Each structure stands twice: as structure tokens, then as C-alpha cells.
Amino acid sequence: MNKIIVIGAVAGGATVASQIRRLDSDSEIVVYEKDRDMSFANCGLPYYLGNVVEDRDYMLSATPEQFLDKKNITVKTFHEAIALNDQDKTIRVKNHQTGEIFEDHYDQLILSPGCRARQFPIESDRVFTLRNLVDTDKIEDFIVQNNVQKALVVGAGYISLEILENLHNRNIETTLIHRSDHINKSMDKDLNQVIFDELEKRQINYRLDEEIKHIENKTVTFKSGHVEDYDIIITGIGIEPNSDWLQTSQLKLNDRGYIPVNEYFETNLDDVYAIGDIIETFYRHTQQPTTVTLAWGAHRAASLVAENISSKSHMAKFKGLLGTNIVRFFDYALGSVGIAEHELENYDYTVIEQTQKQHAGYYPDAQPITLRVYFDNSTRKILRACAVGKDGVDKRIDILSTAIIGDLTVDDLRDIEIAYAPPFSSPKDIVNMIGYKAQ
């Protein structure tokens, strides 16, 4: 019998196992997951902490018992892969509940171990990270048991911003610090000004170019010399790939520890695939390599790998991703698509910007959106777009993502027929106006 082993269950791993079983009723499928929970709503965790999602059960997507009963897939939690022997096609696994270490043989191996939160260098029982449901439970229990009134959030990426918003909405006095002056790095730096506006509007303290120097119980001493007490500290200072255990094998890793894959998510080893946050893949529209740790790519990769393994062919080819993303911060949404801002230096490009209301100006609640589009001067193809506003940002970013996938030029934006009625857009939508201004 063919045996497929999947390392890591969350998002990519659970999805690929499920998709393979949909197409293949015969192969034995075993999933090893080092943590407690095999599948949960990762992106919803800050909103559970903010009591927006009130029922914890909503965070759990599936259990090992459900996978075995409904799909005949064996999922072993608290089981960590600690070594790969690609010559013998075996995985060494440690059972964290019993301490047992054993080997398991595979015919095909799918690596989806994800990334871990970068650990904060100062130890304290008041310092937490938010990466999984276990972390969420620890933070929630600490907040309740210690009647937390005052919090410090370290870092200013997606998760940190969402945690800050949700703690504030929970009536916890929250301060944000970041070690540089560039927050939310998927967005153009100047367009992040609305984040600072929202912080100041709500009298939320923040300090840039700031770091923690020392923690003594509740008392935090900062690099700037500032000293203040906090009940809890939640850090979001980046992620690192869970690939240390693979370094003794012949699996190729890039200089940051991510696994390069081809358009079929194959690694350099026969019968070994990789998906999810752990991989280095490529941009669809420029073909340059990139690492994007977002949910869409993990789920798309899972489906394609399942198709190819089940059909034993190379029919399902990945065309690349665009890193389409969006974050809400209080009243504003900030979204972008395409190559990163710092990657534009490799291109001869022009940038077009337009600000106008998201729908007819005379219709109630009209609010401005700023849309910025970068395009290559020689091909006129769209390289990057970003938008910020209170309403309608997701719609415009999704349109630009579709335009890039459709290989449209910036000039073609004039011809996109946007659904128009006064509550929804304008006769010349902001997307159309970018096309006209590009002339």
C-alpha cells in the first residue's frame, strides 16, 4: 500500500491530507503535528482575544477524531518530526507525550511544518507570543486570572496591529512599540499614516524606534530610558521557518532556512514536496522568488499537490502568487498586491495615484480611498498596487489582483466595467481613473 506522510497539520497540512483522500481512497495517510491542535482558525485568534468571536469552538476547524472517522486519515498530535533520512525515505518522530522516538517510512512526503514566532530575548512570565490556539488560551487565561488592565504590544506587523485593536476594544489600556519607524511593511510607508491617526484619535500610546531593555516583574525599562509598568506583554517580532531539523538531510534550504520549490511544489528530493509558510516560491507576474506567509498560498498549494500525487502526473502546475493582503485597523483597511515596495528598485517603473470617494459623493457615508499603482514602463504591466480607506479597499485590491492575473496593462484598467450604482461606486471608478491618469 502506498504511504503518504504529512508533516504539520495546520492549514496546508490538514488541507493537503484531506484533498488527497478526496481523490485517493486507497493510500495510507498519516499526519504528524508537534502541537496540541491539528487545525484552527489562525487568522481569527486576535478577534477571539478581543471577544469579537465569542465562542472558542469556532476557532477549532477539525480534530484528529473527525479526520479518522470521516476521512480515514491518521493525525497524531504532540508528534514532532526531528530528522529526515531521504536515502531510506524515513522520518524520525518524537512523541512529546511519552518521550518515545521512532521512525516511519514514506512513499511520498509532504512538508508543511510552517514557521514559529521569533522568541523574545528577555524571559518573563508576563511575555507572550500569539502563533496558535495554545498561545491564545495562555493569553486569555492570563488576562482573566490576573485582571489585566494594561498591555504592551511589541512589533507592528499584521498580528500586532490586530492584537492592539482587539485589546483596546476589550478596554485594556494598550501601548505599541516598534524598533523602527516602518510599521506594517507590506504597505507603502507613507500610506500607513492612517494607522498613527487612528492611534492618536483613540489616545493610544505608541513609540517608534523603541525597544525593551529590561523587564522586572511588571516594570519595563526601555532603550529610550522610559520606565513603565504593564500587566502583560505580547510580542510579534517576526517569524522563523521550522526547518532546523531538516539541515542534516540533503534537502535544499535557502539562506534564510526556507525550502525552495518548483511549480509543482517539489523539492530537490524525489517524492518530497513542501507547502505553506515554509516554502520559497515565486511571484506570478515577475517570476522572481519570494516567501509569502499567507493562507491563500498554502491552500492553493495543498490542492495542487493533492492533484499531482493522486494522478501521478504533472498536470496541475502552480502559476505563482501575488501576495495579496489586507489588514483592518479600527476604521481603516490597508491592502496591497504584487511585489514588495523595496523590490521596486529592480524595475524601471511609473507610479500613478488617485484619491476619490468609494462611491457617489452625494450618497451617504462617502469616504475617500487612495489607490496607488506601480507599472513597468516598457511593458505597462502592473507590478504593485496598494490602497487605503475606510470602505471599498478590498474590492479595489481584488480587482487589481485579478487584472494582474489576467495579464492586463495599466491602460486596460480604463476598460474594466465596474458594477455601478450610487451606493457602490462611481461611473468612473477609482480603478478606471488610474488607467486614464496613466495616459
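The following paragraphs lead through two sheets, two helices, a cavity and a pocket of a predicted model.

The parallel sheet is a suitable place to begin. Five strands make up this open sheet, arranged in the order S5-S2-S1-S9-S21 with parallel pairing. Its edges are occupied by strand S5 (74-77) and strand S21 (272-274); each has a single partner strand, so one side of each is left without a neighbour in the sheet. From one strand to the next, the twist averages 15°. At the S5 edge, strand S2 (residues 28-33) is joined to S5 by four bridges, and the two run parallel. Within this pair, Val30 of S2 is found opposite Thr74 in S5. Helix H7 packs on the sheet and touches strand S1 (3-7), strand S9 (108-111) and S21. The direction of H7 makes about 175° with that of S9.

A second sheet is antiparallel. Three strands form this open sheet in the order S6-S7-S8. S6 and strand S8 (101-105) stand at its edges with a single partner strand each, and therefore one side of each lacks a neighbour in the sheet. On average, neighbouring strands here are turned by 30° against each other, direction ignored. Strand S6 (residues 79-85) and strand S7 (residues 90-95) pair over six bridges in the antiparallel sense, with Ala83 opposite Arg92 in S7. These two strands form a hairpin with four residues between them, and Lys89 in the turn has a positive phi of about 55°. On the other pairing of this sheet, S7 is joined to S8 by five bridges, again antiparallel; there Ile91 stands opposite Asp104 in S8.

Attention may now turn to helix H6. Which residues of helix H6 (residues 193-201) are buried? They are Val194, Ile195, Phe196, Glu198 and Leu199. An α-helix has 3.6 residues a turn, so residues three or four places apart point the same way. The cover over the buried residues of H6 includes helix H5 (158-169) together with strand S13 (173-178), strand S14 (205-208), strand S24 (325-329), strand S25 (332-338) and S28. Just after H6, Gln203 adopts a positive phi of about 55°.

The empty space in the model comes last. Rolling a probe the size of a water molecule over the atoms shows where such space is left. The count is one cavity of 30 Å³ or more, and about 80 Å³ of space lies in the largest cavity. This largest cavity is lined by Phe265, Gly276, Asp277, Ile279, Thr281, Val292, Leu294, Gly297, Ala298, Phe318 and Leu321. Strand S22 (279-282) and helix H7 (295-311) are the elements that give two or more residues to the lining. H7 is also the helix that packs on the parallel sheet. By class, the lining of the largest cavity comprises seven nonpolar, three polar and one charged residues.

The second largest pocket has a volume of about 210 Å³. Thirteen residues line this pocket, and the closest to its centre are His285, Thr286, Lys381, Ile382 and Asp407. Two or more lining residues come from each of strand S28 (382-389) and helix H8 (393-405). S28 is also among the elements that cover the buried residues of H6. The lining of the second largest pocket has six nonpolar, three polar and four charged residues.

Methods:
Residues numbered from 1 in each chain as written. Predicted model: local features only at pLDDT ≥ 70, side-chain atom pairs only at ≥ 80, totals over all residues. Heavy atoms only, no water. 1 Å grid on protein atoms, 1.4 Å probe; cavity = no way out; pocket = protein on both sides within 12 Å on 5 of 7 lines; lining within 4 Å. Points joined across faces, edges and corners; volume = space filled by probe spheres on them. Nonpolar A, V, L, I, M, F, W, Y, C, P; charged D, E, K, R; others polar. Pairing = 2+ DSSP bridges. Axes fitted to C-alpha atoms, helices over the stretch in contact; angles between N-to-C directions. Contact = heavy atoms within 4.5 Å. Buried < 20%, exposed > 50% of the residue type's maximum accessible area, 1.4 Å probe, protein only.
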